[in-house]
Amino acid sequence: MPSWIRAVILPLSGLLLSLPAAADVKARSCSEVRQAYGAKGFSLADIPYQEIAGEHLRICPQEYTCCTTEMEDKLSQQSKLEFENLVEETSHFVRTTFVSRHKKFDEFFRELLENAEKSLNDMFVRTYGMLYMQNSEVFQDLFTELKRYYTGGNVNLEEMLNDFWARLLERMFQLINPQYHFSEDYLECVSKYTDQLKPFGDVQRKLKIQVTRAFIAARTFVQGLTVGREVANRVSKVSPTPGCIRALMKMLYCPYCRGLPTVRPCNNYCLNVMKGCLANQADLDTEWNLFIDAMLLVAERLEGPFNIESVMDPIDVKISEAIMNMQENSMQVSAKVFQGCGQPKPAPALRSARSAPENFNTRFRPYNPEERPTTAAGTSLDRLVTDIKEKLKLSKKVWSALPYTICKDESVTAGTSNEEECWNGHSKARYLPEIMNDGLTNQINNPEVEVDITRPDTFIRQQIMALRVMTNKLKNAYNGNDVNFQDTSDESSGSGSGSGCMDDVCPTEFEFVTTEAPAVDPDRREEDSSSVQLSYSLLSWSLVCVALALQRLYR
């Protein structure tokens, strides 16, 4: 080749090599990044128009980039905020389930108790008049203690119910024996015969079993909803570690720095990042699932044998039936008490001469079924339980499923059908590493997130313990036992607030001795007259109770 040609070609070839290709010029433009960055609400003052050398980057690949140091810092913080919001949004269903259902159940149970108390008071005032009103505090105290137990008070249900029946026996015993004066010590002796004499028939035993089981189940179930609500609220508020924040930035915004703001992360890449960031949350899953299973078991009890609505709605009739049983057995009860506690002193003449209160025979207007509330809070327990069971089943495995739920969001990843055109952490290409298993210990080889598997999150461990304690309470409630009082009862009851007898099998502690009541002196005819009047009143009372029971039976 002639030297002059060589002299012309060589400079031209050098000039051509020094000119960038048109494709390279387009690739180095940061216009798309500027638009996407501005759409996030950031100022465009920090962002270059064309790619710059990337030696200053701390997280993203140190190649030609559209990111300055300030941009990387801001986008890193943005990725943290978006991750926190993603977890909150993804766990929204389980959180709202526990919040809303706790409110509904609590409202229902409280209104149910209010309705039952009002119904008993209205019925007894109309039926027994002044006689009830003079002794109404016995019944008011019963409902006060039931409410206190439900709201978390330190109440032993069995002891409280035993005390109610003992007090009722004391009052009734004085009413059926007005010709005698009873001291406080004598009445205390009378109350000791409550279990032996069974003056209220089998109503006392059955009602105690039904009330204790129903209230233990109701209170424990609402406590379970409270614990579920608190755990869900706390766990959904994540605090990502520095290693997690680096991984989030690399996954979500390093495409911006590489000039690829529209390219989304690969699905499997996202899963590894989320499994690393949510490793401790996944460890909650085992205890959470056991907790949900226990909640479902107690829910079945609530709509079955431990249905508090079926116990509280007719409690007024059941107590009336118990009073009627006491009246029918009054002579035997009195005889046995006199035998065990001694002959009481005669009442002063003024008191023994008094007849039963006039209001005792007051006219009773039977209830119209429309007057009596049949539901509380505008619903029924069966409907509430059916609804919550469906929601609880859907909330199982919610914490280990978080990475999958987040990564299938189209706004987060490129999806499973676009594995070649997605961001793999370095470039737009397929993500090759395998997907890690769930839980903290399985993140030891996580290629995306630095996880210290030797330091479990103490906050998550606290939630695990809270769930474990609540699950134990629920299991006890399923068996009719209150874990708070298991050690305070005797051997025959099994649990301080559980049922002493299984179903209808209970040993009979005492058989009635059918002896005549102690004879009254001939000169106490005035007292006899009073007793006769009281007998007629008691007969009227019994008839009213029978009528009421039949009315409720065929309502």
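Are Trp 288 and Phe 291 buried or exposed? Both Trp 288 and Phe 291 are buried. This report describes their setting and several other features of the structure, which is a predicted model.

## Overall composition

The chain has 555 residues, of which 48% are buried. Its secondary structure comprises 24 helices and two strands. When contacts between residues at least 6 apart in sequence are considered, 80% of them join residues at least 24 apart. The chain exposes about 27,600 Å², and carbon and sulfur atoms supply 51% of that area.

## Aromatic pairs and rings

A search of the whole structure yields 23 aromatic pairs. One of them joins Phe 139 and Phe 164 in an edge-to-face arrangement. Phe 139 belongs to helix α7 (residues 136-150) and Phe 164 to helix α8 (residues 157-176), so this pair ties together parts that are 25 residues apart in sequence. Phe 139 is buried, at a relative accessible area of 5%, and Phe 164 is buried as well, at 4%.

The rings of Trp 288 and Phe 291 form a tilted pair. Here the two partners lie in one helix, α16 (residues 285-302), three residues apart, which is about one turn of the helix. An α-helix has 3.6 residues a turn, so residues three or four places apart point the same way. The geometry of these two pairs is set out below.

| Aromatic pair | Arrangement | Centre to centre | Angle between planes |
|---|---|---|---|
| Phe 139 and Phe 164 | edge-to-face | 5.9 Å | 65° |
| Trp 288 and Phe 291 | tilted | 5.6 Å | 55° |

Phe 139 and Phe 164 also belong to one aromatic cluster, together with Phe 124, Tyr 128, Tyr 132, Trp 165 and Phe 200.

Charged side chains also meet aromatic rings. The charged end of Arg 34 is placed over the ring of Tyr 49, 3.9 Å from its centre. Arg 301 lies over the face of Phe 306, and its distance from the ring centre is 4.9 Å.

## Helix α5 against helix α18

Two members of the aromatic cluster, Phe 124 and Tyr 128, also take part in a contact between helices. Helix α5 (residues 92-128) packs against helix α18 (residues 315-328) at an angle of about 45°, and the axes are 9 Å apart. That angle makes α5 oblique to α18. On the α5 side, the residues that meet α18 are Ala 116, Ser 119, Leu 120, Met 123, Phe 124 and Tyr 128. On the α18 side, Ile 315, Asp 316, Ile 319, Ser 320 and Ile 323 meet them.

## Enclosed helices

How many of the eleven residues of helix α14 (residues 267-277) are buried? Ten are, so α14 is largely enclosed by the rest of the structure. The buried residues include Asn 267, Tyr 269, Cys 270, Lys 275 and Cys 277. The cover over the buried residues of α14 includes α4 (69-90), α12 (242-252), α15 (279-283) and α22 (402-407).

In helix α3 (residues 31-39), the buried residues are Val 33, Arg 34, Ala 36 and Tyr 37. The Arg 34 named here is the residue whose charged end sits over the ring of Tyr 49. What covers the buried residues of α3 includes α4 and α13 (254-257). After α3 comes Gly 41, with a positive phi near 95°.

## Loop residues

Two residues other than glycine have a positive phi: Lys 198, near 50°, and Lys 397, at about 60°. Lys 198 is placed in the loop between α10 (194-197) and α11 (203-235), and Lys 397 in the loop between α21 (381-394) and α22. Lys 198 is partly exposed, with a relative accessible area of 27%, whereas Lys 397 counts as exposed at 53% relative accessibility.

Val 238 is found in the loop between α11 and α12. At 9% relative accessibility, Val 238 counts as buried because the cut-off for buried is under 20%. Val 238 and Glu 84 are 154 residues apart in sequence, yet their C-alpha atoms are 6.1 Å apart in space. Apart from neighbours within four places in sequence, Val 238 is in contact with Phe 83, Glu 84, Val 87, Leu 278 and Gln 281.

Key:
Residues are numbered from 1 along each chain as its sequence is written. This is a predicted model: local features need pLDDT of at least 70, side-chain atom pairs count only at pLDDT 80 or more; totals for chains, interfaces and linings use all residues. Side-chain values use heavy atoms; hydrogens and water are left out. Rings of Phe, Tyr and Trp (its six-membered ring) pair if their centres lie within 6.5 Å; planes under 30 degrees apart count as stacked, over 60 as edge-to-face and the rest as tilted. Helices (H or I, at least four residues) and strands (E, at least two) are DSSP runs, numbered from the N terminus. Buried means under 20% relative accessible area, exposed over 50%, partly exposed in between (1.4 Å probe, protein chains only). A charge sits over a ring if NZ of Lys or CZ of Arg is within 6 Å of the ring centre and within 35 degrees of the ring normal. Contact means heavy atoms within 4.5 Å. Accessible areas come from the Shrake-Rupley method with a 1.4 Å probe; for residues, only the protein chains shown count as cover. Axes are lines fitted to C-alpha atoms, for helices over the stretch in contact, and angles run from 0 to 180 degrees between N-to-C directions. Angles under 35 degrees count as roughly parallel, over 145 as roughly antiparallel, 65 to 115 as roughly perpendicular and the rest as oblique.
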